[in-house]
Every structure is written in C-alpha cells, then in structure tokens.
Amino acid sequence: MTTIPEEEIAPDIEAGEAVPVQRAARMRPGARHLIIAGVVVVAFVVPVFASSFVTFQLTEVLIYGLAILGLNLLTGFNGQFSLGHSAFYGIGAYTAAIMIHNYELSYLWTIPAAGGVCFVIGFLFGLPALRLQNLYLALATFALATAMPQLLKFHALEAWTGGVQGLVVDQPEAPGLLSKISDDQWLYYVTLIVVLVMFACAASLIHSRTGRAIMAIRDNPIAAAAMGINNSLYKTLTFGVSAFYTGVAGALGALAIGFVAPDSFTIFLSISLLVGLVIGGVGSILGCLFGGLFVLYVPNIANALSTGLAGAIYGVILLLVIFVMPAGAAGFVRFAVARAAGWRRVSPKGR
Amino acid sequence: MRQLTRRTILAAAPAALALSVPFVSARAANYGPGVTDKEIKLGNTGPYSGPASSYSAVPKAQTAYWKMINDQGGINGRMINFISYDDAYTPPKTVEMVRKLVEDDGVFLVASPLGTPCNSAIWHYMNEKKVPQLFVATGATKWDDPKGHPWTIGWQPNYQSEGRIYAAYILKNKPDGKIGVLYQNDDFGKDYVKGVKDGLGDKASMVIVEASYETTDPTVDSQVVDMKAKGVDIFVNTAIPKFAAQAIRKAADIQWKPLHVLSSIGNSVGATLKAAGLENAKDIISDFYLKDATDPRWKDDDGFKWWSSFMDKYIPDGDKTDQGYVAGSSLAAMTAQVLKQCGDELTRENVMKQAAALKDVTVPMLLPGIKANTSPTDFAPLKQVQMAKFDGERWTLFGDLITGAVG
C-alpha cells in the first residue's frame, strides 16, 4: 500500500479523499453535494424509463458497488489486503437463501441478518489476521476464498446449504399497494435504498474520529499507536464492518439472482471485486459504484467484441483504463474537475 | 370492368378486409417472439472463459452447426440466428446473460445452455417466463420434471441412470463383491453414487468405500490405495479424465486388479486411457451413448463421416479428439429436429409440444440403435447406453442397449 502524505490525515480532511490529491484539486462542498443529489435523483428515475432487463443489470451494479465498498473500507481505508471477500459475499448470500428457503422468513429480515452474520465472522477472522501483514494476509484471505465453495458443499451442512445443487430463493414481489411497480423495479428500489443508507453510513464513518483512526493505522501503524489508537481493536472492527457490507451485498445478490450455488462464490469473484476496487479508486467511496459498473459491463463488452478472445480484450480494456485513470475513476474525476477549474498543479499519482 | 364503380369498390373493401385480416392475424399468431418469415433467433450460454472453459467446445460446435444449416438454406426457409454468450460457468452471469437473451435480444428459445449450476440458476426464470430451455447440456437427473418445470427438457442419459446401469451389471456379474466408488465432490459425482446405491437396492451395503476428490486435488492415489487395503474388488471410477487416469495407473502400480467400471465422462481413449497407459486399462468396463471420435471403427460410418467433414469445413482448428464437439453438434442437431417438426407453427408452446413428441429420433453421432424418445410425461430424451470393454487398444461394445431410466 502506498503511504499517504502527512497533510492528508489532517483533521479537517474531507471524507473519502484518501487518494493523494492536492487540496486545490478539491471540489467545493456545495458542488459536490449538488452532484451527489443529481446522481441520486437520476438513480430513482432511471427504472421508470429503462427496460426491466436494464433495471436488473443496474441492480447488480449497485450490489457489486456495495460489495466493493466493503472491500474498500478494509483495503483502501485500513490498508488490510483481502482476497477473501467472495467468501463474505457467499456467506451473506447463503444466509439470505437459507432464511428464505428453509425458514420462509421475509426477505427484508435477511438483509440485516446476513450483515450481522458476516460481521461476526469477519471480526473473528480479523483476530488471527492481526498477526499477518500485507502479502501474508492476502494469502490467508485467499485460503478463505478457496475454502468457501467446498465448505458450502460439505456433507454435514448439506441440509442447510443444499450442497452442490444450491438453493432456489423466492424473489421479492412488489407489495400490493404499489402494483404499478414491477418486481424488478421493486428490487431495484429496495437495493437502492439499502445502498444509499450504507454509502451514507460509510461516508460518515470515514469522516469521523473513528475513520481518521482507521486511516491513520493504514498510513503509519506505529504513529497511530503512539497517538493512543488501539490498533488491534480498530483493525478487527474494520474487518467486521467490511464483511458486514459485503455480506449485505451478498444477501441482495441472492435476492436479485434468485439462486445460490457454491460455484457462484469462487476466488474469481474476489478478484472481480478487487479489480472493481482499483478501477473505482482505492480509498474512494463513490468510486465503488464505478467499480460496480466496470465489473458488470466490461466482460459483456469484451464478449460482444469477440467471444473467442473475450479474456484478452478484457485484459486490454483493463490496461487501458489503468493507463488513463491511474488513480481510479474517482481520481480521474477529481483530476478532470481540477483541470476544468484551471488548476495545473494536480497530478494523479498512480497506485 | 364497367361494373367496377366506386360504390362496388367501397362495398367490396370491407369484405376483402374481413377475409384478409383473419388470415394475417392467424399467421402472426403462429409465430412466437424471435421468429419471422426469414429468421429464428436462438439463444445459448456457455463457458468460453473461467474454470470450465474446456467445455467451450460444446457451444462452439453448436454455433458451427447452425452456420452449416444456414449455408444449406436454413430450416423451412428460415435462417437461424444463434446468439451465444459467455457465462464463465458462474450462475449469476448465466442469469444475466439469459435475461439479456430473452428480454433484450428477444430470442425464441434458449438452446442447450451448459452446466448444472448454470441451468439451475435459470430454471425458475425460464419456467416463469414460459421460454423453452431446450435440451440442457448437463446430465443431472432433475431436468426430467415435466409437471413442475414444463419448459425445461433434458438431453443426455443422466448420471443417476448410468449409476444404476453399473449396479445392474455388477449384480449380474459379481453379486458378492465389495464396491468402492471414486467420485468428484460435486453434483455429478454425487448423482453417480446415488444411482449406484439405488440400483443395488437392498444390496447397497455392498458399497464399502465412498471416496471423493476435489478438482483441485493433486492426485487420487491415497483413495486408490485405501480401497485396495479395505479389500474392495469392484472399483467404480466416476472421475473426470485427469483423475480417472491417475486411478487406473495407481491401481496398476500397486498390482490391484478389481473389476474396474469407468463412467462415461472419463472413458475417452485420448484423454484418459492413453495417459494411464493403455496396457493398464485393459479389461475396464464402461458405457457409451455417443460415438467416440477417436475410435477407428467408425471411419466408414456415415454418421462419423458426416461429422468429420463438418469439423473440417466449419471448425478446421478444432481438436477432433475433444468429445465436446461431438456432443455440441449432436445437441444442435436435436434442436434442429424440433424446429423442423414445428413447421410453420413456431410458437414456444409448439416447441415444447414437439420436444415432448420425439419418436425414435437419431442424430449422426449417437451410437447405432440409440434413439431419442419423449412424451408429455417423459422429458429425458436419451436413456440408452451400451456397455463396452477395453481390449488394450480400443473399446469393444458388447451386449444390448441398456435402459436405465430414473423416473
């Protein structure tokens, strides 16, 4: 992880701005809020005009964005590397599926439950992870991701998980009062509201004293400890919160797809989330949504260009994006805004 | 001509309209979504990337098959527009791509999507939307469910019925043996185990070892050694080629000579037996429903000659020892048969009606005598296999065709 220049952890820093940028490059808060408000309004209006398939795709973008935000809290803000988030996503999805399939509970309960289960597991996994640094932590979480599909197939758990056959999840239906809304639109709005609340919570967490502590640990753990921050506690809690976010995304994913199987939650999902994280912008909250767009659409674009060479084209697009936006989408936007405003001092530093 | 006044024309017009309108609308009603006078749009998903990309031969062969059909003038004069998307063998991607096919591309039906988890993920959706999920490219048993899922139909003999066929063979030839089963810790592996046990019925206790492996394991040597140590004398080997070959070689290394039954997924001469050493594979028993493309016995067979020329012309860079091309072209040929049977009544309802009314249908690369049969209560088109014994060089088919249907 790259370290962040000293002035970046000054108390008055604006949240979500962990990527190194000169202060001059920042948008004024008013403009920033205006843009966010605009995006939210568009997000609410889009399904009215979009086809149900596009609505479904956008739901998936939001879900991936939320999962990437979970990873970003851990990796981008706290500096702990994870290749294991497919496991938390899977645990969240299975929690929702089991509650709906085996116990016939309402889908709304599954969202906090999946988050809670993942928080506990993430917190517990964070304890041994404390002893591991950087690449070793990556390997430990990689092990988690590799183990997850097999655990889901494990014989003793088959009564709950359905083993290799997976579980069918009844999808939410729009409530009777809102009969004009299709099921796809309903699921989109449920997802959108959950995502908005959770993005807002993440932003306020990062703005807070706790958020500054989390980032201080990333930047210099010894200095952070010297300032009186309980590194172990914050790191394990961040692990738990990160798993909470990704677990909620998993539950929403199970609702959107209507089916869970061990093959849905392999290491490839972890890698996709990591790609989305870097593309969106390490340490950027809104960038996560761009990461979600990339994860969903770019493989489709690559496939549309050539079925046989889809993997190669995906790689080329990925490289191009990294060259054009070395600090991710969020860094690119800041850079563009600064340019437009006439500030020349800005240079997006690569990560 | 003088009689043709304005008034008579005015009077005649509604009559003409009345005659022509029902004709037009009746004709329109005969087409489902994705069908025109010129074209039928078909959808498909397959693993072009990801961990199962070695199966991509199956959708590639289908794509090539439809190209050939179009070169020959299409089906009943309509060109086939075959749209195949990559799902990387991940169920969420399958759902997304199939929704794109159905809602965005507006395909008439989805033909032979590949993979058990992938088909499971769209199973509910297809049946809710009433879009045919025709001849799925997986051998799970659950696709034969005409009552619960009338829009989904299977294709190949399912793994459970294969397991039953092995059980029947064992009961007949070695009824007092001790059975060890090697299986992949996975859907099809477990289907095989269930089939064998169901087939043994009250003699299921003959199975004394059930050893599983993961696709990520380096070897299955310890499982094989363990079976020998426990006194197993009937070895049911349902592993995929890599592990099946290891097991055959290990058994030879430790001088273990059980009655060795090898499942159809691991019985390729090129992929398994050569790797294991042909001399080690002598006397192994297996079962077939498609012609083995590497078997020289078929070189004068009309079906094989057709397939070989099809490969040369449409997939010149394809590996002819890859059975995926055999399976893919056979799947597409079966779909073509259903579309032909539909004639000009190309509705989704009629597709399922015709798919459930296959009578002794055969396609070039099925073994001689094996025929696809379905009925409104039977959605398992292929049920027959033939046993074969390996003579050290090639498989020799023996006995009659065996049916092992699981209802």
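This report describes chain A, the domains of chain B, and the contacts between the two chains in a predicted model.

**Chain A and the nonpolar core**

Chain A contains 14 helices and 2 strands. It has 351 residues, and 49% of them count as buried. Among the contacts in chain A with a separation of 6 or more, 76% are made by residues 24 or more positions apart.

The largest nonpolar core has 209 residues, and the members that touch the most others are A:Ala96, A:Ala97 and A:Val248. Helix 2 of chain A, residues 52-77, supplies the largest share of this core with 14 residues. The core also reaches into chain B, where domain 1 and domain 2 each give at least three residues to it. Leaving aside residues up to four places away in sequence, A:Ala96 touches A:Thr110, A:Ala114, A:Val169, A:Ala251, A:Ala254 and A:Leu255.

**The domains of chain B**

Chain B is divided into two domains, each written as two segments: domain 1 covers 39-157 + 299-376, and domain 2 covers 159-288 + 387-403. Taken over C-alpha atoms, the centres of domain 1 and domain 2 of chain B are 29 Å apart. Where these domains meet, 10 residues of domain 1 of chain B are in contact with 11 residues of domain 2 of chain B. The side of domain 1 that touches domain 2 has 4 nonpolar, 6 polar and no charged residues.

**Where chain B touches chain A**

The contact between the chains involves 25 residues of chain B and 24 residues of chain A. On the chain B side, at least two residues come from each of strand 2 (79-86), helix 3 (91-105), helix 4 (116-129) and helix 6 (187-200). Which element of chain B gives the most to the side that touches chain A? Helix 3 of chain B does, with 8 residues. Sorted by class, this side of chain B holds 8 nonpolar, 7 polar and 10 charged residues.

Helix 3 and helix 4 of chain B also pack against each other, at an angle of about 35 degrees and with their axes 8 Å apart. The crossing of helix 3 past helix 4 in chain B is right-handed. From helix 3 of chain B, the residues B:Pro91, B:Thr94, B:Val95, B:Val98 and B:Val102 take part, and they meet B:Pro117, B:Cys118, B:Ala121, B:Ile122, B:Tyr125 and B:Lys129 of helix 4. By class, the residues of this helix contact are 9 nonpolar, 1 polar and 1 charged.

**Two residues with positive phi**

Most residues other than glycine have a negative phi. Two residues in loops of chain B are listed here with positive values.

| Residue | Phi | Loop of chain B | C-beta neighbours within 10 Å |
|---|---|---|---|
| B:Asn76 | about 50 degrees | between helix 2 (57-71) and strand 2 | 12 |
| B:Ala88 | near 55 degrees | between strand 2 and helix 3 | 25 |

Is B:Asn76 buried or exposed? B:Asn76 counts as exposed because it has 12 C-beta neighbours inside 10 Å, and a residue is exposed at 12 or fewer. B:Ala88 is buried, because 25 other C-beta atoms lie within 10 Å, and the limit for a buried residue is 20 or more. B:Asn76 lies in the loop that comes between helix 2 and strand 2 of chain B, while B:Ala88 lies in the loop between strand 2 and helix 3 of chain B.

Methods. Residues numbered from 1 in each chain as written. Chains lettered and ligands numbered in written order. Predicted model: local features only at pLDDT ≥ 70, side-chain atom pairs only at ≥ 80, totals over all residues. Contact = placed C-beta atoms within 7 Å. Helix = DSSP H or I, 4+ residues; strand = E, 2+ residues; numbered from the N terminus. Nonpolar A, V, L, I, M, F, W, Y, C, P; charged D, E, K, R; others polar. Axes fitted to C-alpha atoms, helices over the stretch in contact; angles between N-to-C directions. Left-handed = near helix turned anticlockwise from the far one by under 90°. Core = buried A, V, L, I, M, F, W, Y, C linked by C-beta atoms within 7 Å. Domains from an automatic or database assignment.
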